[in-house]
Amino acid sequence: MNKTLLAVFAHPDDAEIVCAGTLLLMSQAGWKVHIATMTPGDKGTTVYSKEEIGNIRQREASESVKLLNGSYYCLGFEDVYLDYDRESLNRTTSLIRKVKPSVVITASPNDYMVDHEMTARIVQTACFAAGIKNMDCMESNINFIPYLYYSDPMELNDIFGVRVNPDFFVDISGVMKLKEQMLGLP
């Protein structure tokens, strides 16, 4: 198995919030770790324009992933308008083919925010489609299906606000300071 991991989430900072500790541990264990977002986070402000906040959040994501010695990718869809369609499937499949991860981590399919749920659906299909020869993708198909893992939903609540009880935990106490740096905390 190749030791490449790709975390695909809806917005910049989603991966850092829900699984940065795990990503750091994987990086320290010798894995090449990448983070991708479906959107630049262009609606995440009450102060800046779409372009300004998108640029700020992408820059922060690029800085964050440096602590993993990995790469950051933004697929360029617009916040709130993320949809399960041909274009989103092809772009996400192309990214998986380019990175060739053996493991993919994505958002919970049962989350309070539709962009998160849509990301989970798109990534699930893209992992499978990465091996399909006749997809309309820029990159050549791969000959395996990556292992797909879902993070817990944000704030550990499902779409109805019901608490989700995780089945297992990853002890990230040894990398907590680095996770805080990934989140831009002092």
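1. A cavity, as the word is used here, is a set of grid points where a 1.4 Å probe fits but cannot get out. The model is a predicted one, and a search of the whole structure finds one cavity of 30 Å³ or more. The space in the largest cavity comes to about 40 Å³.

2. Which residues line the largest cavity? They are F9, D14, V18, A107, S108, D111, H116, S151, D152 and M154. Sorted by class, this lining holds four nonpolar, three polar and three charged residues.

3. The largest pocket has a volume of about 730 Å³. Its lining is made up of 25 residues, and those nearest the centre of the pocket are V18, T22, D152, F168 and V170. Two or more lining residues come from each of α1 (14-28), β4 (103-106) and β5. Helix α1 gives the most, with seven residues. By class, the pocket lining divides into 18 nonpolar, four polar and three charged residues. V18 and D152 appear in the lining of the largest cavity and also among the residues nearest the centre of the largest pocket.

4. On cysteines, the search of the whole structure finds zero disulfides. C127 is in no disulfide, and the nearest cysteine sulfur, that of C137, lies 13 Å away. Why is there no bond from C137 to C127? The sulfur of C127 is the closest cysteine sulfur to that of C137, and at 13 Å it is too far for a bond. C127 counts as buried because its relative accessibility is 2%. C137 is also buried, with a relative accessible area of 19%; the cut-off for buried is under 20%.

5. Side chains of opposite charge can pair when their charged atoms come close. How many salt bridges does a search of the whole structure find? The search finds eight. Three of these pairs are taken up in the points below, together with a network.

6. K50 and E78 form a salt bridge, with 3.2 Å between the closest N and O atoms. K50 lies in helix α2 (residues 50-66), while E78 is in the loop between β3 (72-74) and α3 (86-99), so the pair ties together parts that are 28 residues apart in sequence. Both partners are partly exposed: K50 has a relative accessible area of 40%, and E78 has one of 32%.

7. E63 forms a salt bridge with K66, in which the closest N and O atoms are 3.0 Å apart. The two residues are three apart in helix α2, so about one helical turn separates them. E63 is partly exposed, with a relative accessible area of 47%.

8. R86 and D136 meet through their side chains in a salt bridge with an N to O distance of 2.4 Å. This pair links distant parts of the chain, 50 residues apart: R86 is in helix α3, and D136 is in the loop between α4 (114-129) and β5 (147-150). Is R86 buried or exposed? R86 is exposed, with a relative accessible area of 60%. D136 counts as partly exposed, at 46% relative accessibility.

9. Salt bridges that share partners join D42, K43, K50 and E78 into one network. The K50 and E78 pair of point 6 belongs to this network.

10. R57 lies in helix α2. With a relative accessibility of 12%, R57 counts as buried. A polar atom of the R57 side chain lies 3.2 Å from the backbone oxygen of G41.

11. Two backbone angles deserve a look when the model is checked. Phi of D13 is near 90°, a positive value in a residue other than glycine. D13 sits in the loop between β1 (4-9) and α1, and it is partly exposed, with a relative accessible area of 31%. L156 is not a glycine either, yet has a positive phi of about 55°. L156 is found in the loop between β5 and α5 (176-182), and at 22% relative accessibility it counts as partly exposed.

Notes: Residues are numbered from 1 along each chain as its sequence is written. This is a predicted model: local features need pLDDT of at least 70, side-chain atom pairs count only at pLDDT 80 or more; totals for chains, interfaces and linings use all residues. Side-chain values use heavy atoms; hydrogens and water are left out. On a 1 Å grid over the protein atoms alone, a cavity is a set of points where a 1.4 Å probe fits but cannot get out, and a pocket is an open set with protein on both sides within 12 Å along at least five of seven lines; lining residues have an atom within 4 Å of a point. Grid points are joined across faces, edges and corners, and a volume is the space filled by probe spheres set on the points. Ala, Val, Leu, Ile, Met, Phe, Trp, Tyr, Cys and Pro count as nonpolar, Asp, Glu, Lys and Arg as charged, and the others, Gly among them, as polar. A disulfide is a pair of cysteine sulfur atoms within 2.5 Å. Buried means under 20% relative accessible area, exposed over 50%, partly exposed in between (1.4 Å probe, protein chains only). A salt bridge is a side-chain nitrogen of Lys or Arg within 4 Å of a carboxyl oxygen of Asp or Glu. Helices (H or I, at least four residues) and strands (E, at least two) are DSSP runs, numbered from the N terminus. A polar contact is a pair of N or O atoms within 3.5 Å; within protein, one must be able to donate a hydrogen and the other to accept it, and residues adjacent in sequence count only if both atoms are side-chain atoms.
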